[in-house]
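Look at the structure below and keep the sequence at hand. The text moves from the surface to the charged pairs and then to the interior.

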Amino acid sequence: MRKIYLYGLLLIVMISWGLNVVAIKILVENFPPFTITALRILAAGLVIFVFLYIRKDIQKVNLQEFGYVTLSALTGIFGHQAFLAIGLLNTSATNGASILALIPLVTTILAAILLKAKITRLKISGVILGLIGIYFILVFGSGSFSKLSIGDFYVFLSVIAQALSFIFIRKASYTLNTKTITSYSLLMGAGFLMLLSIGIEQNTIPAITEGPGYAWLILIASAIISTGFGNLFYNYAIQQIGPGETAVFLNLTPFFSLTGSVLFLNEEIRLVQIVGFILIVVGVLLSTELFERKTKRVKEASVSVVKSIDS
């Protein structure tokens, strides 16, 4: 019963994260993209920090930990969110959601390069399938390579930034809990985004105040529900059932993004894009440690049966 509750909680988080891609698309079309992103992340960071402070769940940070948290904020919050905002302004939410599905695959590659993590044949097969899938979506889905959107490129840069942040979070998590890392990185990332908006965007206050009421409601929901409590609940699930089993649920996020794009943005999905998306999901599943553990258990069980018969 406990696991059913956690699975239900994770499903709700994946729905909110999937629809958050649609929400960001709407926000960057109605407000200055960098300013509204900074406000959204700042609101989420404040909600999480206050919540954890009341629960006395914030750890003190030493100099080395501060360095890793800063790097995670620069990549996972500042870089990821800035590239994602400008990317979704110049491409469809459908393409954006499909490209974001590559995050686990890119993380696998970077972990192998930077953390010397073991990369197996299954993981290599998963990476290849994922790349083929993204080729289907961006090239065939657009009609020709010449029509590849600059927005698609920026979203892919956001994927690389997010994957890099996971490496720094992994480094910091040896001595810090993920709640503290999430809280501080959100607040620091919001500060970096504020500086970017001040330097690039002009007359942001009038532009924000003139935004439609429904967009403000979307902003509040995106900041508090998706970015704020979504991260808290996800981290709670990791603590309870482990990162491997929890990470499998991330594969559901692009599905809800694609569904939301059709329902709320009236975007069309071509058959070739669906095929590409399926290839990406299969590639991600092949590259997960959970899949490898199940394969290993099956082999061990087979060996055990053979030994029993021989004896």
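Helices α1 and α12 (253-265) each supply at least two residues of a nonpolar patch. This is a predicted model, and the patch lies on its surface, with an area of about 520 Å². Its members are Leu11, Ile15, Leu19, Leu252, Leu263 and Phe264. Helix α1 gives the most to the patch, with 3 residues. Leu252 sits in the loop between α11 (243-247) and α12. The relative accessibility of Leu252 is 33%, so Leu252 counts as partly exposed.

Next come the charged side chains. Side chains of opposite charge can pair when their charged atoms come close. How many salt bridges does the structure hold? There are 2 salt bridges.

One of them joins Glu29 to Lys25, with the closest N and O atoms 3.3 Å apart. Both residues belong to helix α1 (residues 2-30), where they are 4 residues apart, or about one turn of the helix. Are the two partners buried or exposed? Glu29 has 48% relative accessibility and therefore counts as partly exposed. Lys25 has 8%, which is under the 20% limit, so Lys25 counts as buried.

Another salt bridge links Lys179 with Asp57, and here the closest N and O atoms are 3.0 Å apart. Lys179 lies in helix α8 (residues 178-200), while Asp57 lies in the loop between α2 (33-54) and α3 (63-89), so this pair ties together parts that are 122 residues apart in sequence. Lys179 counts as buried because its relative accessibility is 15%. Asp57, at 21% relative accessibility, counts as partly exposed. The limit for buried is under 20%, which means that Asp57 falls outside it.

The last step is the interior. In soluble globular proteins, nonpolar side chains tend to be buried together. In this model, the largest nonpolar core has 21 residues. Which of its members touch the most other members? They are Leu84, Leu100, Leu102, Val106 and Val159. Helices α1, α3, α4 (93-100), α5 (103-114) and α7 (150-172) each supply at least two residues of this core. Helix α5 gives the most to this core, with 5 residues. Apart from this core lies another, of 13 residues, including Phe34, Ala44, Ile48 and Leu232.

Helix α1 can now be followed through the whole account. Helix α1 gives 3 residues to the surface patch, holds both Glu29 and Lys25, and supplies at least two residues of the largest nonpolar core.

Definitions and conventions
Residues are numbered from 1 along each chain as its sequence is written. This is a predicted model: local features need pLDDT of at least 70, side-chain atom pairs count only at pLDDT 80 or more; totals for chains, interfaces and linings use all residues. Side-chain values use heavy atoms; hydrogens and water are left out. A salt bridge is a side-chain nitrogen of Lys or Arg within 4 Å of a carboxyl oxygen of Asp or Glu. Buried means under 20% relative accessible area, exposed over 50%, partly exposed in between (1.4 Å probe, protein chains only). Patches are made of residues with over 30% relative accessible area and no salt bridge: like charges are joined within 9 Å, nonpolar side chains (Val, Leu, Ile, Met, Phe, Trp, Tyr) within 5 Å. Accessible areas come from the Shrake-Rupley method with a 1.4 Å probe; for residues, only the protein chains shown count as cover. A nonpolar core is a set of buried Ala, Val, Leu, Ile, Met, Phe, Trp, Tyr and Cys residues joined through side-chain atoms within 4.5 Å.
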